[in-house]
Amino acid sequence: MLELAILGFLTEGPLHGYQLRHRVAHLSGHARPVSDGSLYPAINRLVNAGLLDRQTEPGASAAQRHTLSLTDAGHDELLRRLRDADGLDISDSTRYFTVLAFLSHLPDTADQHAILRRRLEFLEQPASFFHDGDRPLGADVTDDPYRRGMLTIARATSRAERSWLRQVLA
């Protein structure tokens, strides 16, 4: 998802590495901080694959700055990754939100809706953090107030998202 976020933000225009890190950090939130040790190797992989272009320019001090921009191949790769989003890209909320953040870059509404339908199908499956054998447990059957809270919040969030998805797809 880090590479998808990099490609997505750079499709909006060239950025310096620190600007990119700041945007990715805001998108991924505090739960998944972005370290230089993960960001810069990802950038290097994308540059080496020909998906990003890196231009060096003088910095304000002795250090040089690198401006990153998306190549045509990088734009095509972004569209492919968005169009092919499935599995964990749909079921993991953070990964899905990364896809959703850049979904408007897919030019075909049918492709956008296919992804939203996959998410809706996932959300309509019975799910829970807790199970009795294979049966998912709901908030109404647990005595633990914190687990009940988790399940209540998850149910409300899922209900709101399903409603939004149905509205967009209608």
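How many aromatic pairs does a search of the whole structure find? There are 3 of them, and two are walked through below. Keep in mind that this is a predicted model. The same kind of search turns up 11 salt bridges, and some of those link up into a network. After the rings and the charges, we'll look at the strands and then at one glycine.

**Aromatic rings**

- Let's start with Phe-9 and Phe-102, whose ring centres sit 5.0 Å apart. Their planes are at 90°, so this pair goes down as edge-to-face; the cut-off for that label is over 60 degrees.
- Phe-9 belongs to helix H1 and Phe-102 to helix H6 (residues 93-102), so the pair ties together parts of the chain that are 93 residues apart in sequence.
- Both partners are tucked away from solvent: Phe-9 is buried at 11% relative accessible area, and Phe-102 is buried at 2%.
- Next up are Tyr-96 and Phe-97, with ring centres 6.1 Å apart. Here the planes make an angle of 45°, so the pair counts as tilted.
- These two have unlike surroundings: Tyr-96 is buried, with a relative accessible area of 1%, whereas Phe-97 is partly exposed at 47%.

**An arginine over a tyrosine**

- What lies over the face of Tyr-96? That's Arg-119, at 4.3 Å from the ring centre.
- Arg-119 comes from helix H7 (residues 109-123).
- Is Arg-119 buried or exposed? With a relative accessibility of 2%, Arg-119 is buried, because the cut-off for that label is under 20%.
- Leaving out residues up to four places away in sequence, Arg-119 touches Ile-90, Ser-91, Ser-93, Tyr-96, Glu-161 and Leu-165.

**Salt bridges**

- As a reminder of the chemistry, side chains of opposite charge can pair when their charged atoms come close.
- Arg-45 and Glu-3 make one such bridge, with 2.8 Å between the closest N and O atoms. This one links distant parts of the chain, as Arg-45 is in helix H3 (residues 36-48) and Glu-3 is in helix H1 (residues 2-10), 42 residues apart.
- On the Arg-45 side the bridge is partly exposed, at 46% relative accessibility, while Glu-3 is buried at 16%.
- Arg-80 and Glu-77 also bridge, at 2.7 Å from N to O. This pair stays within helix H4: the two residues are 3 apart, about one turn of the helix.
- Arg-80 is partly exposed, with 37% relative accessible area, and Glu-77 is buried at 16%.
- Arg-95 pairs with Asp-89, and their closest N and O atoms are 2.8 Å apart. Arg-95 is partly exposed at 28%, and Asp-89 is buried at 13%.
- Which residues are joined into one network by salt bridges that share partners? They are Glu-3, Arg-45, Glu-77, Arg-80, Arg-81 and Asp-84.

**Strands**

- Strand E3 (residues 64-70) has strand E1 (residues 15-16) as an antiparallel partner, joined by 2 bridges. His-16 has Thr-67 in E3 as its bridge partner.
- E3 also pairs with strand E2 (residues 52-58), again in the antiparallel sense, this time over 7 bridges. If you want a spot to look at, find Asp-53, which stands opposite Ser-69 in E3.

**A glycine in helix H4**

- Gly-74 is part of helix H4 (residues 72-83), the helix that also holds Arg-80 and Glu-77.
- Why does Gly-74 count as buried? Its relative accessible area is 0%, and the label applies under 20%, so Gly-74 qualifies.
- Setting aside neighbours within four places in sequence, Gly-74 is in contact with Leu-7 and Leu-51.
- For a sense of scale, Gly-74 and Ile-43 are 31 residues apart in sequence, and their C-alpha atoms are 12 Å apart in space.

Note on methods: Residues numbered from 1 in each chain as written. Predicted model: local features only at pLDDT ≥ 70, side-chain atom pairs only at ≥ 80, totals over all residues. Heavy atoms only, no water. Helix = DSSP H or I, 4+ residues; strand = E, 2+ residues; numbered from the N terminus. Buried < 20%, exposed > 50% of the residue type's maximum accessible area, 1.4 Å probe, protein only. Contact = heavy atoms within 4.5 Å. Salt bridge = Lys/Arg side-chain N within 4 Å of Asp/Glu carboxyl O. Pairing = 2+ DSSP bridges. Phe/Tyr/Trp six-rings, centres within 6.5 Å; stacked < 30°, edge-to-face > 60°. Lys NZ or Arg CZ within 6 Å of the ring centre and 35° of its normal.
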